[in-house]
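Biologist: I should like to go through this model with you, beginning with its overall build and moving on to individual residues. Please reason through each point before giving the final value or name.

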Amino acid sequence: MADENGLGGHLADLADSGRRRTDPLAAERIRARGEQRLRRKRAAMAAGGALLAATVVLGGLSLVRATRGPEPPAAVPAPTASRFVPPTPAPGEEYATELGHVYGAVANGDSVEVTVERLRSVRGTATPVGVVHTLTLPRGTPVEARQLAGGDPADVQLGELVDQLAGGPRWMFAIDYDSEGRVQSLREAYWLTG
């Protein structure tokens, strides 16, 4: 028992010395720091709740505005740029060719306006590529026609074919452009199937 009392006495002395060396202000600072953290946590939770409420309100307002339909644009939108770029001849070539359905012909004085739907030839079959543009050409533009001329090859002028080209996309042509992007002639692409 003497060993236990000696140990107990030693532990009691150690506890007394610890109490004497502790600073009551340090314990108070630890407590204050804990309370400060608790206040910050509560403030953060309150701010998060307010932010969530504001988000819900704004989301609801945007849904209400969406049901009313779109607002008119602030300014009249400019037309988009055409995706059409005239083909240019390869080095050493005189002309570049574009395949396309030519339709919607309208005569305007000495010129004819036509719509061209660009085509791509895949194993002799014409496939649209999604580019549609208009061309304004002189009535005298040379056209090599075959089926448009009754089945026999013939050289005609574009002005003579306005009525036949006035409908929808039916006639396929190879359109020849020079190095400055001007149309020099149209050749009926009778060899393609559409």
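Biologist: How many helices and strands does the protein chain have?

Modeller: This is a predicted model. Read along the sequence, its elements follow the pattern α-α-β-β-β-β-β-α-β-β. The count for the protein chain is three helices and seven strands.

Biologist: What percentage of the residues of the protein chain count as buried?

Modeller: A residue is called buried when its relative accessible area is under 20%. The accessible surface of the protein chain comes to about 14000 Å², and 56% of that surface belongs to carbon and sulfur atoms. Of the 194 residues, the share that counts as buried is 24%.

Biologist: Among contacts between residues at least 6 apart in sequence, what percentage join residues at least 24 apart?

Modeller: Contact here requires heavy atoms within 4.5 Å. Taking the contacts in the protein chain between residues at least 6 apart, the part that joins residues at least 24 apart is 49%.

Biologist: Which element gives the largest share of the largest nonpolar core?

Modeller: This core has 21 residues, and Leu165, Phe173 and Ile175 touch the most other members. Two or more residues each come from strands S1 (96-108), S2 (111-122), S3 (125-138) and S4 (142-145), from helix H3 (162-165), and from S6 and S7. The largest share, four residues, comes from S6.

Biologist: How many residues does the other core, which lies apart from this one, contain?

Modeller: Among the members of this other core are Leu119, Ala126, Met172 and Ala174. The core is separate from the one just described, and its size is seven residues.

Biologist: Which residues is Leu165 in contact with, leaving aside its neighbours within four places in sequence?

Modeller: Leu165 is one of the three residues that touch the most other members of the largest nonpolar core. Once the neighbours within four places are set aside, the contacts of Leu165 are Val102, Tyr103, Gly104, Ala105, Leu148, Leu158, Trp171 and Phe173.

Biologist: How many residues apart in sequence are the parts that the salt bridge between Arg187 and Asp176 ties together?

Modeller: A search of the whole structure finds four salt bridges. In the one between Arg187 and Asp176, the closest N and O atoms are 2.9 Å apart. Arg187 lies in strand S7 (residues 183-188) and Asp176 in strand S6 (residues 171-177), so the parts tied together are separated in sequence by 11 residues.

Biologist: Is Asp176 buried or exposed?

Modeller: Asp176 touches Tyr95, Ala96, Thr97, Arg182, Val183, Gln184, Ser185 and Arg187, not counting residues up to four places away in sequence. Its partner Arg187 has a relative accessible area of 24% and is therefore partly exposed. Asp176 itself has 7% relative accessibility, and because buried means under 20%, Asp176 counts as buried.

Biologist: Which residues are linked in a network of salt bridges?

Modeller: The side chains of Asp178 and Arg182 meet in a salt bridge at 3.0 Å, N to O, and those of Arg182 and Glu180 meet in another at 2.8 Å. Asp178 counts as buried at 9% relative accessibility, Arg182 is partly exposed at 45%, and Glu180 is exposed at 58%. The linked residues are Asp178, Glu180 and Arg182.

Biologist: Which residues make the nonpolar surface patch of about 300 Å²?

Modeller: One member, Leu14, has its place in helix H1 (residues 2-21). Exposed means over 50% relative accessible area, so Leu14 counts as exposed at 52%. The patch is made by Leu7, Leu11 and Leu14.

Biologist: How far apart in space are Arg120 and Leu99, C-alpha to C-alpha?

Modeller: Arg120 lies in strand S2 and counts as partly exposed at 46% relative accessibility. Not counting residues up to four places away in sequence, Arg120 touches Thr125, Ala126, Thr127 and Val129. Arg120 and Leu99 are 21 residues apart in sequence, and the C-alpha separation in space is 6.6 Å.

Notes:
Residues are numbered from 1 along each chain as its sequence is written. This is a predicted model: local features need pLDDT of at least 70, side-chain atom pairs count only at pLDDT 80 or more; totals for chains, interfaces and linings use all residues. Side-chain values use heavy atoms; hydrogens and water are left out. Patches are made of residues with over 30% relative accessible area and no salt bridge: like charges are joined within 9 Å, nonpolar side chains (Val, Leu, Ile, Met, Phe, Trp, Tyr) within 5 Å. Accessible areas come from the Shrake-Rupley method with a 1.4 Å probe; for residues, only the protein chains shown count as cover. Buried means under 20% relative accessible area, exposed over 50%, partly exposed in between (1.4 Å probe, protein chains only). A nonpolar core is a set of buried Ala, Val, Leu, Ile, Met, Phe, Trp, Tyr and Cys residues joined through side-chain atoms within 4.5 Å.
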